[in-house]
Each structure stands twice: as structure tokens, then as C-alpha cells.
Amino acid sequence: AAAMKQTEGLEGDKASIIKFEFNPKDGIDNPALSLAEDTDGEAVGEPRFYLLSKGSTETFGFCLHEELGYRGHVIRQVELGGLAQRRGLQDGDRLLQVNGCFVDHMEHHRVVQKIKASGNQVLLAVLDGDSYEAAKALGRDLSQLLPTDIRPRLCHVTRDKSGFGFSVSAPEGVKGTFQLSVRQDGPAERAGVPSGSWLLELNGHSVRSCSRTQLARKLKQSGSKVTLLVASDAVEEFYRLRGLQVTAAVADTSWLPFRARELRMVKGAAGYGFLLKEDDYGSGAIGQFLWDIDRGLPADEAGMKEGDRVLAVNGESIEGLDHQETVLRIRAHEDRVTLLVIDPASDEFYRSIGLSPLLFLED
């Protein structure tokens with residue numbers, strides 16, 4: 001029966017297609033640039049990297065399948081003239097990385113969720129189907145084909161009495177190029193900012209068109225807290241050589257104080273001990289919030305806090321679901337449930353930089 005269920009699940013997943021697509025305003029296509037790696041003389045191709053940027057009403061122009069008889073996450077239905085095709089994605093390519101995160105080993109629905117959570121921009125690493133099958137047959141670790149760290153870092157710095165603990169140097173008369181020197185044991189270093197790194201974004205906005213004076217003004221306007229997207233020389237060079245823009249969606253967020261929490265609960269005789277209510281949480285978005293948590297019951301013991309917003313139920317995002325549908329998901333398993341939740345301060349942080357907290361689940 002378990003084997004039957006698994007087959008049914010795979011068949012069902014054939015339809016778990018994400019429509020992705022095309023942006024005519026996207027400008028000139030950058031040629032596909034691949035990463036040269038030593039493949040020990042074996043005839044395995046190289047991963048190709050694509051940054052896909054679309055308008056909010058468009059799709060990326062491909063579907064992601066899990067198929068019987070095929071290993072990996074398979075790129076299918078590449079739209080003729082669509083964004084994915086123009087960038088160079090091909091039918092049968094296997095998806096290895098989403099925003100710098102290795103996904104080949106991950107459950108299909110989690111990979112789909114990761115792409116959806118990425119919003120209007122996503123960085124993909126793919127391998128052609130033949131090379132993928134050859135590498136699998138040779139027992140190769142596909143993560144070894146990819147560079148170890150191509151992720152910029154997202155850091156949230158709270159100033160102390162002497163400031164943020166970093167200084168900025170910039171070439172005379174050049175816009176948008178800022179290198180950071182970090183004071184030892186200062187707020188920036190404690191927040192994970194590496195000395196000598198390049199500043200790419202400030203509070204969710206690119207600094208590429210900023211003069212030094214404009215940057216100084218923006219830092220002053222930030223008040224006591226500032227969010228920096230920074231990249232080392234090696235990371236900055238990786239993107240520059242491929243003509244790719246570095247964005248916060250690909251960032252390592254492990255230094256941030258803001259994160260989603262997983263609550264695992266087994267229902268007691270008096271239930272889980274919480275209430276769910278639907279509410280608006282800004283810009284017309286509707287969310288499902290947790291309230292009236294009973295002391296000593298499973299929800300309280302799992303670490304639930306009043307005002308937490310539910311992001312996912314049993315590993316599946318509830319984005320776009322209404323109250324009734326969310327309740328049905330929670331009741332799907334009679335006596336247990338796993339909720340992914342986020343507190344209001346963390347929720348507000350991700351909203352302020354324009355990113356979904358679901359993007360960083362693996363962190």
C-alpha cells in the first residue's frame with residue numbers, strides 16, 4: 001500500500017506545475033555562461049546559471065515536473081519565446097540549485113515552493129538531461145559540480161553609541177561601488193558583515209546608482225537599524241563574470257535575527273490549545289494568525305506565541321488559502337500537525353525588504 005501511495009503521489013505531482021514566464025521589458029538577453037569545473041575526465045557537462053526576472057503578472061515560462069522513469073526535477077514545457085527559453089533553459093534540463101541552494105535531493109513540492117517564494121526573480125542552476133543521467137550513473141555527487149559558496153550575505157546591524165561599526169570607501173567619482181571596512185567587535189562584525197565585502201543593497205534597495213553622498217544620507221535616515229546585502233570578492237566576481245545581478249533572494253540569511261519557526265504538535269485530550277483567525281497584514285494581504293493559546297497545552301509547549309502568522313502546514317505553503325482551507329489542512333492528520341510560523345517583528349522585517357520568509361526555509 002505504501003508503494004502504491006508513493007506512485008500515486010508521483011502521478012499527482014505531474015500536475016504540480018508552476019506556470020512561469022516572459023517579460024518583454026526585460027531588455028537584451030545575456031548569453032548563457034557556464035561554470036568550468038574539473039570533472040575528472042568524465043564526460044559530464046557543466047551546470048548553467050540563469051537569472052530570470054519577470055513582471056508581477058507574468059510567469060517565468062517553464063514548468064517543473066517530477067516524472068516516473070526520470071530522476072531529478074525536470075524542466076518541461078519551455079514556452080516558445082518565453083523568458084526561460086530566451087535565457088537558454090531547455091526541455092529535459094534538471095534543476096540543481098534555486099537561489100544558490102542545492103535542491104536535487106529535496107522533495108518536489110519544497111522545490112516548487114522555493115521558486116514560488118522567490119517572487120519575480122530567481123537564480124537557477126541546471127544541468128542538461130544527458131549529463132545529469134551520466135553523473136547519476138557514475139554515482140557522482142552533483143553538489144560537487146557547483147561552486148561551494150555563491151551566496152551574498154544579508155545582515156541586520158543595530159548601531160551602538162559609536163555607530164554601526166563600519167566605514168565605506170568608494171573610488172572618486174564612481175557611482176555604486178562601495179567597499180566596507182568593519183571595526184573589530186563592533187555591531188557590524190557581530191551582525192556577520194565581513195570586512196572588505198562589497199555593499200550591494202541597503203534596506204532592500206540597490207546602491208548601484210548611489211553616489212557616496214546619497215549613501216551617507218540613506219544610512220543617516222536608517223535610524224538605529226540597517227539591513228545590508230554584502231558580497232565577498234569571490235561572490236561578486238562569480239556574478240559579474242556571468243553578467244548576473246546579485247539580489248537578496250539568493251542571500252545567506254543565517255546571520256539574521258529574524259526567522260520562521262517550526263512547531264510540531266501532537267493533539268492532547270483537550271485539543272491543541274489555540275485559535276486561528278484571519279486578518280489583514282498590510283497591502284491588502286490576508287493571513288492566518290494564532291491567538292488564545294492555552295497554557296500547558298501542546299501549542300503552548302511547542303513554543304507558539306500570540307500573533308504568530310502561519311506560513312505553512314505540514315510542509316505545504318498556505319499562501320493564498322482562506323481560513324476554511326487552512327483549518328482543513330490543520331485537521332488533515334487527526335492527531336498531529338506541524339506549523340511553520342513567524343512572529344510579527346520578523347514578518348515585518350521580510351516585508352520591509354520585499355522578500356518572503358518562505359524563501360529561506362533551508363537556512
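The largest pocket in this predicted model has a volume of about 520 Å³. Its lining is made up of 22 residues, and Leu200, Arg208, Leu244, Gln245 and Val246 are the ones that lie nearest the pocket centre. Three elements, strand 2 (48-53), strand 11 (198-202) and helix 7 (233-241), each bring at least two residues to the lining of this pocket. Strand 11 gives the largest share, with four residues. In chemical terms, the lining of the largest pocket is divided into eight nonpolar, eight polar and six charged residues. Two domains also take part in it: domain 1 (48-145) and domain 2 (153-250) each provide at least three of the lining residues of the largest pocket.

The second largest pocket has a volume of about 430 Å³. Around this second pocket there are 23 lining residues, with Tyr281, Ala285, Arg309, Glu319 and Arg351 lying nearest its centre. Strand 16 (286-291), strand 17 (309-313) and helix 10 (344-352) each contribute at least two residues to the lining of the second largest pocket. By class, that lining comprises 11 nonpolar, eight polar and four charged residues.

Enclosed space was examined as well. Over the whole structure, the search returns three cavities of 30 Å³ or more. The second largest cavity has a volume of about 40 Å³, and the residues that line it are Leu154, Glu201, Leu202, Asn203, Gly204, Thr227, Leu228, Leu229, Ala248 and Ile353. Strand 11, already met as the source of four lining residues in the largest pocket, turns up here too: strand 11 and strand 13 (225-231) each supply at least two residues of the lining of the second largest cavity. In this case the largest share, three residues, belongs to strand 13. The lining of the second largest cavity consists of six nonpolar residues, three polar residues and one charged residue.

Aromatic contacts come next. The count of aromatic pairs in the model comes to eight. One of them joins Phe164 and Phe166 in a stacked arrangement, with 6.1 Å from centre to centre and 20° between the planes. Both partners are buried: Phe164 has a relative accessibility of 9%, and Phe166 has a relative accessible area of 16%. Tyr272 and Phe274 form an aromatic pair that is tilted, with the centres 6.2 Å apart and the planes at 35°. Here again the two residues are buried, Tyr272 at a relative accessible area of 9% and Phe274 at 15%. In addition, Phe258, Phe349, Tyr350 and Phe360 come together as one aromatic cluster.

Rings also meet positively charged side chains. Arg76 lies over the face of Tyr70, 5.2 Å from the ring centre. The charged end of Lys54 is placed over the ring of Phe60, at 5.3 Å from its centre. Lys54 belongs to the loop between strand 2 and strand 3 (63-65). With a relative accessibility of 15%, Lys54 falls under the 20% limit and therefore counts as buried.

Lys54 also leads to another part of the fold. Its C-alpha atom is separated by 8.9 Å from that of Gly119, although the two residues are 65 residues apart along the chain. Gly119 is found just after helix 3 and takes a positive phi of about 75°. As for helix 3 itself (residues 108-117), seven of its 10 residues are buried, so this helix is largely enclosed by the rest of the structure. The buried residues of helix 3 are His108, Val111, Val112, Gln113, Lys114, Ile115 and Ala117. For orientation along such an element, an α-helix has 3.6 residues a turn, so residues three or four places apart point the same way.

Terms used
Residues are numbered from 1 along each chain as its sequence is written. This is a predicted model: local features need pLDDT of at least 70, side-chain atom pairs count only at pLDDT 80 or more; totals for chains, interfaces and linings use all residues. Side-chain values use heavy atoms; hydrogens and water are left out. Buried means under 20% relative accessible area, exposed over 50%, partly exposed in between (1.4 Å probe, protein chains only). On a 1 Å grid over the protein atoms alone, a cavity is a set of points where a 1.4 Å probe fits but cannot get out, and a pocket is an open set with protein on both sides within 12 Å along at least five of seven lines; lining residues have an atom within 4 Å of a point. Grid points are joined across faces, edges and corners, and a volume is the space filled by probe spheres set on the points. Ala, Val, Leu, Ile, Met, Phe, Trp, Tyr, Cys and Pro count as nonpolar, Asp, Glu, Lys and Arg as charged, and the others, Gly among them, as polar. Domain bounds come from an automatic or database domain assignment. Rings of Phe, Tyr and Trp (its six-membered ring) pair if their centres lie within 6.5 Å; planes under 30 degrees apart count as stacked, over 60 as edge-to-face and the rest as tilted. A charge sits over a ring if NZ of Lys or CZ of Arg is within 6 Å of the ring centre and within 35 degrees of the ring normal.
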